[in-house]
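Hi,

Here is the structure we talked about. Please open it alongside this email; my notes follow.

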Amino acid sequence: MLDLVAGAAASLEPLAGRLRRHVLTAGAWVDVLPGWVHGSDAVFETLLAEVGWRAERRRMYDGMVDTPRLLRWYDGDETLPHPLLTEAKARLNAHYADELGEEFVTAGMCLYRDGRDSVAWHGDTIGRSAHSDTMVAIISFGSPRNLLLRPRAGGHETVRFPVGHGDLIVMGGSCQRTWEHAIPKTTKPVGPRISVQFRPEGVA
């Protein structure tokens, strides 16, 4: 839902009692809280204008192609580009402290400029998440896009979460190594979306 009060200060809903957990298979789960960020469109405009977005290239088949989204990675010692993100990370760390057993440290950001930008099926399995349970917390800003999840083992209907305008989704348990997720391309007219992903150290 669009923010109705222009210029309203951004704020966060409480997490306790509001998150809804979706239990998947093989020890994976997803927590969802639509509209966690109030005033999310103002945050979106700041991120869109002030983050140093970078285009990357990757090898595919016999050549190099542009990654179909823009990226920015913030290490744990870097200042995040909006104070609400700093507060969000602190809130997530407090809420998941016992279950995660460590803190969210890094922040990866993706800018999906329109429906042609996407990310293919994958799990965040570079590092410890290849063999250990962990969490990745994602806040979405801007126009909603479908985040799809499916089990690596197959035999299960794809799960779909439309995320945007300050929605929070947290993938936990074995989700990164037993399930995959993707943001597919779409031919529908959609505006830009920014995804902010908080991860523990050593998870990428």
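Helix H2 (83-100) lies across E2, E3, E8, E10, E13 and E15. Against E8, H2 runs at about 125 degrees. Bear in mind that this is a predicted model.

Now the sheet. It is open and has seven strands, paired antiparallel. The order is E2-E3-E13-E10-E15-E8-E7. E2 (20-23) and E7 sit at the edges, and each pairs on one side only. On average, neighbouring strands are turned by 20 degrees against each other, ignoring direction.

One pairing to look at is E10 (136-142) with E15 (193-200). These two strands are antiparallel and share six bridges. Within that pairing, Ala137 has Phe198 of E15 as its bridge partner.

Next, the packing. The largest nonpolar core holds 34 residues. Trp36, Leu85, Leu92, Tyr96, Phe141, Leu168 and Phe198 have the most contacts inside it. Elements giving two or more residues to this core include helix H1 (40-50), strand E3 (28-33), strand E8 (104-112) and strand E13 (167-173). Which element gives the most? That is H2, with six residues.

Leu85 is worth a click. Leaving out residues up to four places away in sequence, Leu85 touches Leu47, Leu80, Met109, Phe141, Val196 and Phe198. Phe198 thus turns up twice: as the bridge partner of Ala137 and as a contact of Leu85.

There is also a second, separate core. This one has 21 residues, among them Val30, Val32, Ile169 and Met171.

Best wishes

Technical notes:
Residues numbered from 1 in each chain as written. Predicted model: local features only at pLDDT ≥ 70, side-chain atom pairs only at ≥ 80, totals over all residues. Heavy atoms only, no water. Core = buried A, V, L, I, M, F, W, Y, C linked by side-chain atoms within 4.5 Å. Buried < 20%, exposed > 50% of the residue type's maximum accessible area, 1.4 Å probe, protein only. Helix = DSSP H or I, 4+ residues; strand = E, 2+ residues; numbered from the N terminus. Contact = heavy atoms within 4.5 Å. Pairing = 2+ DSSP bridges. Axes fitted to C-alpha atoms, helices over the stretch in contact; angles between N-to-C directions.
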